[in-house]
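Student: Please take one part of this model and go through it closely. I would like to know how the strands are put together and what packs around them.

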Amino acid sequence: MRKRIVAGNWKMNTDVTAGTQLAAELMTLLAEKPAPDNVGVAIAVPFTHITEVARCIDQKVICLAAQNCSSESAGAYTGEVSATMLKSASVMAVLVGHSERRSYFHEDHPTLARKVDQVLANGMRPVFCFGEVLEEREGGIQNRIVEAQLMESVFHLSETDFSKLILAYEPVWAIGTGKVASPEQAQEMHKYVRDLIAGRYGAAVADGTTILYGGSCKSSNAVEIFSKPDVDGGLIGGASLDAPEFHRIIHSF
Ligand code: PGA
């Protein structure tokens with residue numbers, strides 16, 4: 001059975017003290033009531049928090065993730081953080097292609113492909129995010145948009161490398177808006193993506209790929225969304241900043 005995952009994306013929230021406390025609180029909750037069998041937990045924290053958070057969590061319980069990395073390996077790129085640096089700071093997974101990176105920081109398909117390659121080359125797991133904006137959904141072209149996002153940034157990978165990916169479908173119109181995709185809409189897209197993977201890498205790889213849903217997911221809607229056969233968990237933004245709420249989402253399978 002493929003792995004289920006609940007991953008928190010803290011975005012640009014908390015300072016080092018508050019973030020470390022949040023991680024510690026989550027560790028306590030998971031010690032009292034561990035994640036269900038076959039459910040992995042991850043938190044994607046700001047760069048500044050990585051070292052402190054790594055000290056206060058057990059990565060067998062919570063996997064430490066970063067929210068971004070450079071598409072380049074090293075050199076004169078002021079302000080960038082490389083995948084090698086993240087690896088050396090105990091990071092195990094990196095978000096790539098979050099819609100906020102695509103829209104505010106103009107990250108295009110080839111840049112994201114290079115970031116995915118960097119993460120994999122450093123022995124970490126990319127959490128590759130994709131999804132359509134509202135006009136694309138209203139225009140009925142969401143499948144074509146998602147297909148292009150996958151084709152251009154991850155379908156160049158070998159089967160072995162692709163198997164290390166975690167995917168996250170995040171319809172942009174549902175992120176931070178309180179407007180969650182219906183469980184049926186999520187299932188429909190996840191099934192479509194799994195079929196695309198099967199076409200490219202075969203049924204076994206498709207069946208083993210973890211595909212998360214993200215966008216206004218909280219404990220009040222997670223049970224219904226996670227019950228869909230092709231939804232393998234969630235990438236949680238706002239609701240991951242509250243440890244008891246995030247813990248409830250972890251227990252929504
Ligand atoms: P949200 O964010 O849960 O706050 O909508 C999800 C995400 O952007 O990963």
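Tutor: What follows starts at the place where the barrel closes and then moves outward to the other strands, the helices and the cysteines.

The model is a predicted one. Its 8 strands close into a barrel in the order β1-β2-β3-β4-β5-β6-β7-β8, and the pairing is parallel. Neighbouring strands of this sheet are turned against each other by 25° on average, direction ignored. Strands of a sheet pair through backbone hydrogen bonds, and the pairing can be parallel or antiparallel.

Begin with strand β8, residues 233–236. On one side β8 is joined to strand β1 (residues 4–9) by 4 bridges, the two strands running parallel. Within that pairing, A7 stands opposite L235 of β8. Strand β7 (residues 211–214) also runs parallel to β8 and is joined to β8 by 2 bridges. Here G214 is the residue opposite L235. L235 is thus a shared reference point, with A7 opposite in one pairing and G214 opposite in the other.

In a regular strand the side chains alternate between the two faces of the sheet. In β8 both faces are covered: G233 and L235 are buried on one side, and G234 and I236 are buried on the other.

I5 shows the closure from the side of β1, the strand in which I5 lies. The C-alpha atoms of I5 and G234 are 6.6 Å apart, although 229 residues separate them along the chain. Leaving out residues up to four places away in sequence, I5 touches G40, I166, T210, L212, D232, G233, G234 and F253. I5 counts as buried because its relative accessibility is 9%, under the 20% limit.

Further along the barrel, strand β2 (residues 39–45) runs parallel to strand β3 (residues 63–66), with 4 bridges between them. In this pair I43 stands opposite L64 of β3. Helix α5 (residues 109–121) lies across β4 (93–96) and β5 (125–130), at about 160° to β5.

Two helix pairs come next. Two packed helices are described by the angle between their axes and the distance between the axes. For helix α7 (residues 142–153) and helix α9 (residues 183–201), the axes come within 11 Å and cross at roughly 45°. The two helices are therefore oblique to each other. On the α7 side the contact is made by Q142, N143, V146, E147 and L150, and on the α9 side by M189, Y192, V193 and L196. This crossing is right-handed.

For helix α11 (residues 219–226) and helix α12 (residues 243–250), the axes come within 9 Å and cross at roughly 15°. α11 and α12 are therefore roughly parallel to each other, and their crossing is also right-handed. S219, A222 and F226 of α11 meet E245, R248 and I249 of α12.

Last, the cysteines. A disulfide is a covalent bond between the sulfur atoms of two cysteines. The structure holds 0 disulfides. C63 is in none, and the nearest cysteine sulfur, that of C129, is 14 Å away. C63 counts as buried, at 17% relative accessibility. For C129 the closest cysteine sulfur is that of C69, at 12 Å, which is too far for a bond. C129 is buried too, with a relative accessible area of 1%.

Conventions. Residues numbered from 1 in each chain as written. Predicted model: local features only at pLDDT ≥ 70, side-chain atom pairs only at ≥ 80, totals over all residues. Heavy atoms only, no water. Pairing = 2+ DSSP bridges. Axes fitted to C-alpha atoms, helices over the stretch in contact; angles between N-to-C directions. Contact = heavy atoms within 4.5 Å. Disulfide = S-S within 2.5 Å. Buried < 20%, exposed > 50% of the residue type's maximum accessible area, 1.4 Å probe, protein only. Parallel < 35°, antiparallel > 145°, perpendicular 65-115°, else oblique. Left-handed = near helix turned anticlockwise from the far one by under 90°.
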